[in-house]
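Here is a friendly walk through one protein chain, written for someone meeting it for the first time. Have a look at the picture, then read on.

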Amino acid sequence: MSTGRPCGSVVGNSEITNGPIITRNHGRPIPDYVLAAAKNTLNLETLTKLFWGLSPESFRPELLDVLFHHLQPDRRTPPPPLTSFDSTAALEEHESSRLRRLQIGKFCLSEGLRSVLKNCPQSQLEQIVQTILPHLENIGSWLNFFASGPTPYNSVANSELVDPGICCTVLVACLELGNKELARRICSDGFADYSIHSWCAIQDSNNRADLSFGYCHAVDFFSAVMKSENGRQRVMDILCHGADRTCRSLRGKVLSAASARCRHIAMLDRELFQRRLDQQRYSYPDPVALSVVMDYLAKVLDIVQNLVTHPMLSRSFLKSNFFASYCQAIQVWLVKKCDIERDPERRWLAYGNAALAQIMIDMEGKRSSANWKLYAPALLSIVKSGFINILLVGMGSNSKQNEDGLFIAKCLGLFRNQCSLHPRLAKSLASALQVSCGEAIDVPDYLAGTGYEEYWGNLIRLITAGSTITTDEKSHLCDYLNCPGNQRTFSPSKSCVGCHSVTYCSHECQTADWKAFHREECEVARGEYIIGLQANRPHYFQHVRLFQAELTARRARLLLASDTFIGGKDGLSEGPCVLDLGTWAAKYQTCENFIKYQESPHYLDSRVKALVFHDDFKIIDSQFSLIQAQYHFGGQKLVVLCKVQQDKSVSADAAEEFKVLYCVTKFLGPVED
């Protein structure tokens, strides 16, 4: 005889663990008896049918009561242990009941709450938010409970309990509701702790597979937390201001997760990945594999950019292999898995990501003297990861005028600036180019008409010049303009102890230069030196200055020997001239115009003027030349003016043919973006 109750309903206060709940209400709200049965069931399939069958027409706010009933704090605590007198069946039922409660809690915390937020009518959205707010602390406790691994239920069979991928989905959905108070509380406190765990859990299967649907909510949630001021501060406190051993271990996991996500992208199979995206076309606006992958890499880099705002994390990332893994992933997808005909309008994402990675290294190198020392190894790592192949493919298939070309030109410009600071980088680039282009690394034929010819030719000359300079070949320079050169022992070298900006070969030269120029320069130079120390800016060491002076001379030699140089002295009056290598294009200037158009005033102007109008340059067919080049250092623009001696009788050795005798370096202020 029928009791009139549907299957799966509640009898008294007992929990019904079998029998499905009918949820297809054909547009009608869910009945009360269904909600009551859902509260007391321990059948996961029953709850799954209820929430997966939800629609805006059948939605009821009381669904949240069902979810929070199953998320009561006492459900996380294990029941009293059974005694040894209990039967084996009772022990198994005891453990099975505990596991079912946890599985239901995980479902309610993820898919259940996500379904409620997805199907909630707009008119009831505020009511839902106000219902969720008092339970946020409990939700955070459940998340961190699962993050710690509900021992002993973290075996392979129950590994889904500790996978954070799905739980991050509902947190992202909560953030998308647009409620400021809800977003503020989610991006702080215990949720920040959980965001770190979800970011580090790349080894969990679901956390990886989420990308197959066009997104990874573990990455999205950590990104949202890092963009929140309170959340970012909480993350920094956890990673940098806790117990040394714990912080060091956690920082290592965060760095490893960033690199692991990039390596995972590099290993994805494009065709299989594309088929999965096609199946989920409704959930992603642009379901093309290259777009999804590059958007994902951009989010990862955005998280890293927020992390490196802390000096400790900045140094850690520069020391790690993250940038190498990042560029390797871009190279694999752009060179090996990209179809030029199918992906022309999406390739700019790849070049944009490559440029952002390079800009990020460049910015970190400018922040402090400690980072500047790690700057070159980080750049070397991306060169060895195939970054040069990204540029070669880009220049060969994209004109400089389109969007891709803007990013590629920016990358070339950054490499130009970086090669002017580090001889090791120039040598590595030269080796990488020889592997990609053969021994002849001049302007390839396929660059004709792309607009990159001048950019590439200038960069190649700089790389070639820099790669030939060794430590032994960087001659010491005396800063006394009329140094006779017969005391150039530099053992020990004499430097100004006040400003640390000039060096002399002897006490006699130091005294003479003090009377001639440095008396007026020292106080200003010392002020700049102190400001740099206080700002923790990289110091312009003498070895960098000597390298740039030698580099300028060798660039000039290569330029004058090149068939493509059309600067010439045509139209200039007879007399001494200055060869200005410029940023990309070189030209001659008369000494008068050179002085006239100097960016002034500058405390070294009198020294520069004395050098330009020195008697050595007034002799017809003089073997001396003036060469100027522009470089960047620590975010500052600088010009290097060199006096070189050209020995035309020696043509085999560039170091002997153009010998640097004197150098003046002027810092001209911050580099304009």
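What follows goes from the overall picture to helices, salt bridges and aromatic rings.

**The big picture**

Keep in mind that this is a predicted model. The chain has 673 residues, and 53% of them count as buried. Its secondary structure adds up to 28 helices and 7 strands. Take the contacts in the chain with a separation of 6 or more: residues 24 or more positions apart account for 72% of these. As for the surface, the chain exposes about 31300 Å², with carbon and sulfur atoms supplying 52% of that area.

**Two helices up close**

Let's start with helix H25, which covers residues 542-561. How far should its 20 residues span at 1.5 Å a residue? The expected span is 28 Å, and the end C-alpha atoms are 29 Å apart, which agrees. Of those 20 residues, 15 are buried, so H25 is largely enclosed by the rest of the structure.

Helix H17 (residues 322-336) can be checked in the same spirit. Its 15 residues reach 21 Å from the first C-alpha to the last, close to the 21 Å expected at 1.5 Å a residue. Here 12 of the 15 residues are buried, so H17 too is largely enclosed by the rest of the structure. Among the buried ones are Phe322, Phe323, Tyr326 and Trp333. A few of these names will come back with the aromatic rings.

One residue to spot in helix H2 (residues 44-52) is Leu50. Leu50 is buried, with a relative accessible area of 1%. From Leu50 to Leu63 it is 13 residues in sequence and 9.6 Å in space, C-alpha to C-alpha.

**Salt bridges**

The count of salt bridges comes to 13. Three of them are listed here.

| Salt bridge | Closest N to O |
|---|---|
| Arg114 and Glu111 | 3.9 Å |
| Asp220 and Lys299 | 3.0 Å |
| Arg607 and Glu521 | 2.9 Å |

Arg114 and Glu111 both belong to helix H4 (residues 88-119), and being 3 residues apart there, they are separated by about one helical turn. Is Arg114 buried or partly exposed? At 30% relative accessibility, Arg114 counts as partly exposed.

The salt bridge between Asp220 and Lys299 links distant parts of the chain: Asp220 is in helix H11, Lys299 is in helix H15 (residues 289-307), and their positions lie 79 residues apart in sequence. Asp220 counts as buried at 18% relative accessibility, because buried means under 20%. Lys299, with a relative accessible area of 30%, is partly exposed.

Then there is the bridge between Arg607 and Glu521. Arg607 lies in helix H27 (residues 605-612) and Glu521 in helix H24 (residues 507-534), so the pair ties together parts that are 86 residues apart in sequence. Arg607 counts as buried at 3% relative accessibility, and Glu521 is buried too, at 1% relative accessible area. Elsewhere, salt bridges that share partners join Asp32, Arg60 and Glu62 into one network.

**Aromatic rings**

How many aromatic pairs does a search of the whole structure find? The search turns up 9. In one of the pairs, the rings of Trp199 and Phe222 have their centres 5.4 Å apart and their planes at 40°, so the pair is tilted. A tilted pair falls between stacked, with planes under 30 degrees apart, and edge-to-face, with planes over 60. Trp199 sits in helix H9 (residues 190-200) and Phe222 in helix H11 (residues 217-227), and the pair links distant parts of the chain, 23 residues apart. Both Trp199 and Phe222 are buried.

Phe317 and Phe322 make an edge-to-face pair, with 5.7 Å from centre to centre and 80° between the planes. Phe317 and Phe322 are both buried. These two also belong to one aromatic cluster made of Phe317, Phe322, Phe323 and Tyr326. Phe322, Phe323 and Tyr326 are among the buried residues of H17.

**Charges over rings**

Trp199 has another neighbour to look for: the charged end of Arg261 sits over its ring, 4.9 Å from the ring centre. Further along, the charged end of Lys643 sits over the ring of Phe624, 5.0 Å from its centre.

Conventions. Residues numbered from 1 in each chain as written. Predicted model: local features only at pLDDT ≥ 70, side-chain atom pairs only at ≥ 80, totals over all residues. Heavy atoms only, no water. Phe/Tyr/Trp six-rings, centres within 6.5 Å; stacked < 30°, edge-to-face > 60°. Helix = DSSP H or I, 4+ residues; strand = E, 2+ residues; numbered from the N terminus. Buried < 20%, exposed > 50% of the residue type's maximum accessible area, 1.4 Å probe, protein only. Lys NZ or Arg CZ within 6 Å of the ring centre and 35° of its normal. Expected span 1.5 Å × (residues − 1). Salt bridge = Lys/Arg side-chain N within 4 Å of Asp/Glu carboxyl O. Contact = heavy atoms within 4.5 Å. Areas by Shrake-Rupley, 256 points an atom, 1.4 Å probe, with all protein chains shown as cover.
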